[in-house]
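Student: Could we take a close look at just one part of this model, the place where the ligand sits? I'd like to follow it step by step.

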Amino acid sequence: LNILTFDEINSTNDYAKKLAEKRPDTAILIVADHQTAGYGRFKRDFYSPSNTGIYMSLLLPINKIETDLPTLKACVSTVKALRLNFPNADLKIKWINDILLNNKKISGILAESINDGKNGIAYVILGIGVNLNTTDFPLEIQDIASSITDSVTVNRNKIIADIVNEFFKINHAENFLAEYIRFCGTIGKRVELVNGNQHIVGTAEKIKSDGSLVIKDDKKNLHCFNSGEITKVY
Ligand code: BTN
């Protein structure tokens, strides 16, 4: 694995996209202390202040590496790495790409894919952000965001290495979906999901083998989602 580190960068995902233009044939990890334009799903900002969080992207050439359901795999590897380092933290996955501690978001994952110019995907970029001992969140996310610890000493490099190691272990594991489901706090809850202009309220029933979420509405109709965001958990 090639590793590139930066004190400051606009976004490790953007940097990975630029690197992909050079068509590297090995996996590359990009890590920054601080991002000036970190972003998440739906083009939202990802708060990325200096030295208190993990801001990393894995650029994966898909001919070399099996990258089925990459977002789910990255979620499981991040949760496992965080549990290794913070065994008492009650961490749960919120479908599909968030990790929560006591119902507040401490980590988000953003998978982006790069096309090969013909008809297939050439690279997957897995962007992982974790609030380790982050403080002073912007006002608009103060109620929903948190960090995993208030300790001033955190071994960031070890946690990054653990995430990467867990990812490469999980990448070929048959049972990673079972682990995703085990860590997923969404199943069984009454939720509101927004997908484009579709809003639905119902019970999160299960996660299918393709990673999609099945919600049963109040008329007992089942709806299956490949994308979308859970906006409320009741
Ligand atoms: C989300 O919450 O919707 C996903 C957040 C992903 C943030 C990470 S931080 C490293 C990488 N670089 C980015 O600009 N975003 C991802």
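How many residues surround the ligand, and which are the closest?

Tutor: Sure, let's start with the ligand and work outwards. This is a predicted model, where local features need pLDDT of at least 70 and side-chain atom pairs pLDDT 80 or more, while totals for chains, interfaces and linings use all residues. Numbering starts from 1 along each chain as its sequence is written, and side-chain values use heavy atoms, with hydrogens and water left out.

Now, the ligand has 20 residues around it (a heavy atom within 4 Å counts as near). The closest are Ser11, Gln35, Tyr39, Arg41 and Lys105. Three of these names come back when we look at polar contacts, meaning N or O pairs within 3.5 Å. Ser11 has a side-chain N or O atom 2.8 Å from an oxygen atom of the ligand. Gln35 brings a polar side-chain atom to 2.9 Å from a ligand nitrogen. With Lys105, a polar side-chain atom is 2.5 Å from an oxygen atom of the ligand. As for cover, the ligand on its own has 410 Å² of accessible area, and the protein covers 97% of that (Shrake-Rupley method, 1.4 Å probe).

Which elements build this shell? α1 (12-20), β3 (53-61), β6 (104-115) and β7 (121-131) each supply at least two residues, and β6 gives the most, with 4. Those labels are DSSP runs numbered from the N terminus: helices (H or I) of at least four residues, strands (E) of at least two. By class, the shell has 7 nonpolar, 11 polar and 2 charged residues (Asp, Glu, Lys and Arg are charged, and Gly goes with the polar ones).

Next, step back to the space itself. The ligand sits in the largest pocket, since "sits in" means more than half of its atoms lie within 2 Å of the grid points. A pocket is an open set of points on a 1 Å grid where a 1.4 Å probe fits, with protein on both sides within 12 Å along at least five of seven lines, and lining residues have an atom within 4 Å of a point. This one holds about 1200 Å³ of space, the volume filled by probe spheres on the points. Its lining has 48 residues, and Arg44, Asp98, Lys105, Ile144 and Glu229 are the closest to its centre. The elements giving two or more residues to the lining are α1, β3, β4 (91-94), β5 (98-101), β6, β7 and β12 (229-233). The lining splits into 19 nonpolar, 16 polar and 13 charged residues.

Definitions and conventions
Polar contact = N/O pair within 3.5 Å; in protein donor to acceptor, adjacent residues only side chain to side chain.
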